Amino acid sequence: MGEVSMLPVVECFYSLQGEGFHAGWPAFFIRLAGCRNACSFCDTKESWQEEGFPRYSPEELTGKVLESGATACVITGGEPMLHDLTSLCACLKKAGISLWLETSGSEPLSGQWDWICLSPKKGIPVHPDYYAQASELKIVVESPEDFGFAQMQAGKMREECLCFLQSEWSVSSSLLSAIIDYVLAHPRWKLSLQTHKFLNVR
């Protein structure tokens with residue numbers, strides 16, 4: 001297979017999904033390298049640069065997923081949509097694996113997905129395709145000002161899209177209380193917690 005299909009991988013592992021709708025579900029995680037967003041609250045800053053990471057073909061990555069025994073695979077980053085994931089998705093789907101994408105929506109969409117978690121960032125435009133196709137909207141809250149951004153994004157989503165507010169890991173207890181109060185007052189939203197950090201699992 002040509003070099004164009006080789007993907008830079010920061011890490012891959014089998015664990016529990018810690019966040020959002022699929023929290024608690026087992027899945028194989030593939031974290032791809034490369035991101036232009038540079039979010040201050042990012043907990044995987046090492047994934048921003050593509051250089052220095054091993055590259056794998058879609059077939060090699062599919063083999064790792066199958067070897068783990070997983071039935072679902074989360075593709076995350078970095079920003080995974082910096083890469084054309086058409087071939088990777090085709091290989092994994094052929095093997096019967098459910099595909100879950102985690103993206104900021106900052107790059108064009110590629111590949112076929114069973115679930116798209118859109119987590120847009122302030123000041124970074126989202127490609128319109130994501131608003132029409134996302135299964136889940138997840139907004140990371142750093143301050144009360146983020147509630148307005150969350151509502152603006154929710155207004156662009158299709159009606160059946162699930163909406164989650166997730167506190168940045170180091171927020172104060174008062175801000176977490178404000179998030180809970182906001183969810184109670186706005187029932188379209190649900191609270192997402194980074195349960196994998198509480199459980200100390202990867």
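Strand β7 is largely enclosed by the rest of the structure, because six of its six residues are buried. Here "buried" means a relative accessible area under 20%. The model is a predicted one, and β7 is a convenient place to start reading it.

In a regular strand, the side chains alternate between the two faces of the sheet. In β7, Glu136, Lys138 and Val140 point one way, while Leu137, Ile139 and Val141 point the other way. The residues of both sets are buried.

The next step is to look at the neighbours of β7. On one side is β6, which runs parallel to β7 and is joined to it by two bridges. Within this pair, Leu118 stands opposite Leu137 of β7. The pairing of β7 with β8 is also in the parallel sense, and it extends over six bridges. Here Glu136 has Leu162, in β8, as its bridge partner.

From β8 the path leads on to β9. Strand β8 covers residues 162-167, and it pairs with β9 in the parallel sense over four bridges. One position to look for is Gln166, whose bridge partner in β9 is Ser192.

These pairs belong to one sheet. It is an open sheet of nine strands, and their order is β3-β1-β2-β4-β5-β6-β7-β8-β9. The pairing in this sheet is mixed. Its edge strands are β3, residues 55-56, and β9, residues 189-192, each of which pairs on one side only.

The chain as a whole can now be described. It has six helices along with its nine strands. There are 202 residues in the chain, and 50% of them count as buried. The area that the chain exposes is about 9,600 Å², of which carbon and sulfur atoms supply 54%. Contacts can also be sorted by how far apart the two residues are in sequence. Among the contacts between residues at least 6 apart, 63% join residues at least 24 apart.

Where do the residues nearest the centre of the largest cavity lie in the sequence? They are Gln17, Glu102, Trp115, Cys117 and Glu136, and they are among the 13 residues that line this cavity. The structure holds one cavity of 30 Å³ or more, and about 70 Å³ of space lies in the largest cavity. Three elements give two or more residues to its lining: β5 (98-103), β6 (115-118) and β7 (136-141). The largest share, three residues, comes from β5. Sorted by class, the lining has six nonpolar, three polar and four charged residues. Glu136 therefore appears twice in this account: this buried residue of β7 is also one of those nearest the cavity centre.The last stop is a residue in a helix. Leu66 sits in helix α1, which spans residues 58-68. Is Leu66 buried or partly exposed? Its relative accessible area is 47%, so it counts as partly exposed. Leaving aside residues up to four places away in sequence, Leu66 touches Ala95 and Ile97. Leu66 and Phe28 are 38 residues apart along the chain, and their C-alpha atoms are separated by 9.2 Å.

Notes
Residues numbered from 1 in each chain as written. Predicted model: local features only at pLDDT ≥ 70, side-chain atom pairs only at ≥ 80, totals over all residues. Heavy atoms only, no water. 1 Å grid on protein atoms, 1.4 Å probe; cavity = no way out; pocket = protein on both sides within 12 Å on 5 of 7 lines; lining within 4 Å. Points joined across faces, edges and corners; volume = space filled by probe spheres on them. Nonpolar A, V, L, I, M, F, W, Y, C, P; charged D, E, K, R; others polar. Buried < 20%, exposed > 50% of the residue type's maximum accessible area, 1.4 Å probe, protein only. Contact = heavy atoms within 4.5 Å. Areas by Shrake-Rupley, 256 points an atom, 1.4 Å probe, with all protein chains shown as cover. Pairing = 2+ DSSP bridges.
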